[in-house]
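Trainee: Hi! Could you walk me through this one while I have it open?
Mentor: Happy to, let's take a look together.
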Amino acid sequence: MPLRLFNTLSGQVDELSPMDGKALRMYACGPTVYDYGHIGNFRTFLQIDVLRRTLALLSIPVRHVMNITDVDDKIICNAAEAGIPIAEYTAPFEQAFLEDLEVLGVERPEILARATEHIPRMVELIQKLSSAGAAYKTEDGSWYFRLASFPEYGKLSKKDLSGMEDGARVDLDEYEKDSARDFALWKAAKPGETSWDTAIGRGRPGWHIECSAMAMEYLGESFDLHAGGEDLMFPHHENEIAQSESVTHRPFARNWMHVRFLLVDGRKMSKSEGNFFTLRDLLLKGYKASAIRLALISVPYRHQLNFTFDGLTEATNAIDRLRTFRKRLTAPQAAFSAGSNPALQTAACKAQTDYIAALSNDLNTAEARAPIFELVRAANTALDQGQFFADDSDAILAVLASFDAVFDVIEDRDAEPTRRALEWAQKEGRMGDVAPELLASQALTDEAIDALVAERTLAKRQRNFARADQIRNEMAEKGIIIEDSKDGVRWKRK
RNA sequence: GCACCGGUGGUGAAGCGGCUAACACGCAGGUCUGCAAAACCUGUAUUCGCGGGUUCAAUUCCCGCCCGGUGCUCCA
C-alpha cells in the first residue's frame with residue numbers, strides 16, 4: 001500500500017514513494033542544541049518517527065538525515081556568558097537531546113549531521129550562489145542571498161512577496177543589504193565570536209545554509225521529503241529552497257511535511273505562561289515515557305494538539321489496557337488449546353488492514369488506534385467465554401506487534417527512563433521537582449514488593465482481610481497496584 | 001490588519017455528502033470477587049459553534065457571523 005501524505009508544496013495529499021525506486025530520502029530539521037528539548041520539539045520528532053516507522057511497516061526503505069544546529073546566535077551568546085567554547089556548551093545539550101529521543105522511542109536517523117562539521121560544504125554553496133548571481137557580499141564581509149534573483153520565492157508558504165518589497169530597515173547591523181528581505185548566508189566575524197577562516201572570508205554560517213548544504217551532501221540535489229515543524233515553513237524552508245534551487249535548478253525536495261505546533265492547556269507553550277515543559281519535567285512528575293509518547297502521537301500531525309495532564313493520564317490508562325491484555329496472552333499460565341476461532345481470525349485480519357490503511361492515509365494515528373482497541377475487546381470477550389485458541393493468540397499478538405512497530409508503547413521500557421531522570425535530577429539539584437508518589441514508589445524495590453505481596457497472600461489465606469486490605473491500600477499510596485486473579489497475584493507500578 | 005487552520009459527548013478525538021457519529025479516557029449500573037482490581041455487558045452526543053443557502057439528502061459542500069489557535073520576526 002502506498003503512503004499518502006499531505007505535501008505543503010502541492011497543497012494536497014500526494015503519494016510518497018522513493019523517486020529513485022530504492023530508498024526514500026528524507027531530511028528533517030533537527031534541534032538547535034542550546035537547552036533541553038521541550039514537549040513541543042518532541043511532538044515534531046515523534047511525528048517524524050511515526051512517518052519513518054510507517055514507511056518501514058510498508059516496506060519502504062528510508063535514508064533519513066537530521067541536522068544538529070550547533071552554532072547560532074543564541075549558542076554563541078550563551079557560551080560566551082558561560083565563558084566556554086561553543087562546542088563545550090552544546091555537547092551536553094546534544095547528548096541530552098539524543099537521550100531524550102531514545103527515552104521517547106524515537107528511532108535514530110541514518111545520518112546525524114552537525115552544522116560545525118560541514119562548514120566547507122556551506123562555503124562551497126555560497127560560492128556557487130555567488131557565481132550564479134544569487135549571493136553578494138556586503139562591506140562588513142557578510143554574505144546575503146539576493147531574493148530578487150529567485151522569482152519563485154514564496155511557493156512553499158504561498159506568500160506573494162512582490163507587493164511587500166522593502167519595508168522599514170529594522171536591523172541596523174544589516175544596513176548594507178540590497179533589500180530588507182535578503183537573508184544572511186554568512187555572517188562576518190565579530191570580535192571575540194566563534195568564526196571560521198574560509199575562502200569567502202572569516203565568519204560563521206547563517207542558519208538556513210546548513211540545511212541546504214547537508215541535505216545535498218547526503219541526499220543529493222533533489223530528494224523525496226523534507227520535514228519539520230510548521231514554524232520552519234517560513235522563512236527557513238523557503239530560504240532553503242531558494243538557496244538550493246538557485247544552484248541546482250532542480251526541485252530541492254519534492255514533498256514537504258510540516259508538523260503543527262502543540263498547545264498546552266489551550267495556550268501557546270511559553271516560559272512566561274508557566275506552561276513550558278521539557279521531557280525531563282514530565283518524567284519527574286511521575287509520567288511514563290510511553291504515556292508521553294502516546295499522548296504526543298495520538299493526534300494526527302496536521303492537527304493542533306492540546307497537551308494536558310489529563311491527556312497524559314488518559315494515555316497512561318490506555319497503555320495499561322493494552323499491556324494488561326497482552327499479558328493475558330503471554331503469561332506462562334496462558335496455554336491455549338490448539339485450534340482457532342474463525343470470528344477472531346477475521347477480526348485480527350480486519351484490524352491489521354484497517355490499521356495500516358489509517359496510517360497510510362496521511363498518518364492518521366487517531367484512526368489507526370481504533371481497530372487495535374476493537375480487537376482487544378473482541379479478544380477479551382472471547383477469552384472470557386473460553387472461545388480463544390492458540391492460533392488466535394498468535395494472530396492477535398502479531399497485530400499487536402505491528403501496532404507497536406509504529407506506536408511502540410506496549411513493550412514496557414518505562415522503568416529505565418524514569419530511573420535515569422531521577423539520577424539526573426539528583427545531579428542537577430532538582431529533586432524538589434520530583435513527585436512524592438514517584439519517590440515513594442522508587443523507594444520500594446521489587447523484592448520488597450514481592451515480600452509484601454507474599455505477606456498479604458498469607459493474610460488472605462488466614463482470612464485476615466483487614467490486614468490484606470491494609471497492605472493493598474498502603475502500596476496503592478506508593479503507586480503500586482495489586483491485582484488478584486485466578487492465576488495468582490499481579491502487581492505493577494502505576 | 002492580511003493569510004491559513006480549527007470549533008463534534010463529561011474530556012481527548014476520528015469521520016467530511018446518505019450506514020446505529022469510530023476509538024480512548026472518565027462516570028453510572030450490572031456480572032465476577034471476601035472486598036477490590038482486571039475483564040465483560042448496559043447506559044452515557046436524536047446530534048456535530050450560530051444563522052442562512054445548495055441538494056432528494058449536510059456534521060460533511062457554499063456564504064455570513066461568533067469563538068479559539070497559528071503564521072506574517074528567533075522558534076519544533
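Mentor: One term before we start: a polar contact is a pair of N or O atoms within 3.5 Å. Keep in mind that this is a predicted model.

Trainee: Okay, so what does the side chain of D469 reach on RNA strand B?
Mentor: A polar atom of the D469 side chain lies 2.6 Å from a base nitrogen of RNA strand B. K268 instead has a polar side-chain atom 2.9 Å from a phosphate oxygen of the strand, and for E374 a sugar or linking oxygen of the strand is 3.2 Å away from a polar side-chain atom.

Trainee: How many residues surround RNA strand B?
Mentor: There are 49, and the closest are W207, G229, Q304, D469 and R472. Of the strand's atoms that come within 4 Å of the protein, 68% belong to sugar and phosphate.

Trainee: And what classes of residue make up that surface?
Mentor: It has 21 charged, 14 polar and 14 nonpolar residues. Helix α11 (residues 365-384) gives the largest share, 10 residues.

Trainee: Switching topic: is R293 buried or exposed?
Mentor: R293 counts as buried, because its relative accessibility is 1%. This residue sits in helix α8 (residues 289-297).

Trainee: Which partners does its side chain have?
Mentor: The R293 side chain makes a polar contact with the side chain of D49 at 3.0 Å, and one of its polar atoms lies 2.8 Å from the backbone oxygen of L104.

Trainee: Last one: at what angle do α10 and α12 pack?
Mentor: About 10°, with their axes 9 Å apart, so the two helices are roughly parallel. Their contact involves 10 nonpolar, three polar and two charged residues.

How values were computed: Residues numbered from 1 in each chain as written. Chains lettered and ligands numbered in written order. Predicted model: local features only at pLDDT ≥ 70, side-chain atom pairs only at ≥ 80, totals over all residues. Heavy atoms only, no water. Axes fitted to C-alpha atoms, helices over the stretch in contact; angles between N-to-C directions. Helix = DSSP H or I, 4+ residues; strand = E, 2+ residues; numbered from the N terminus. Parallel < 35°, antiparallel > 145°, perpendicular 65-115°, else oblique. Nonpolar A, V, L, I, M, F, W, Y, C, P; charged D, E, K, R; others polar. Buried < 20%, exposed > 50% of the residue type's maximum accessible area, 1.4 Å probe, protein only. Polar contact = N/O pair within 3.5 Å; in protein donor to acceptor, adjacent residues only side chain to side chain. Near = heavy atom within 4 Å.
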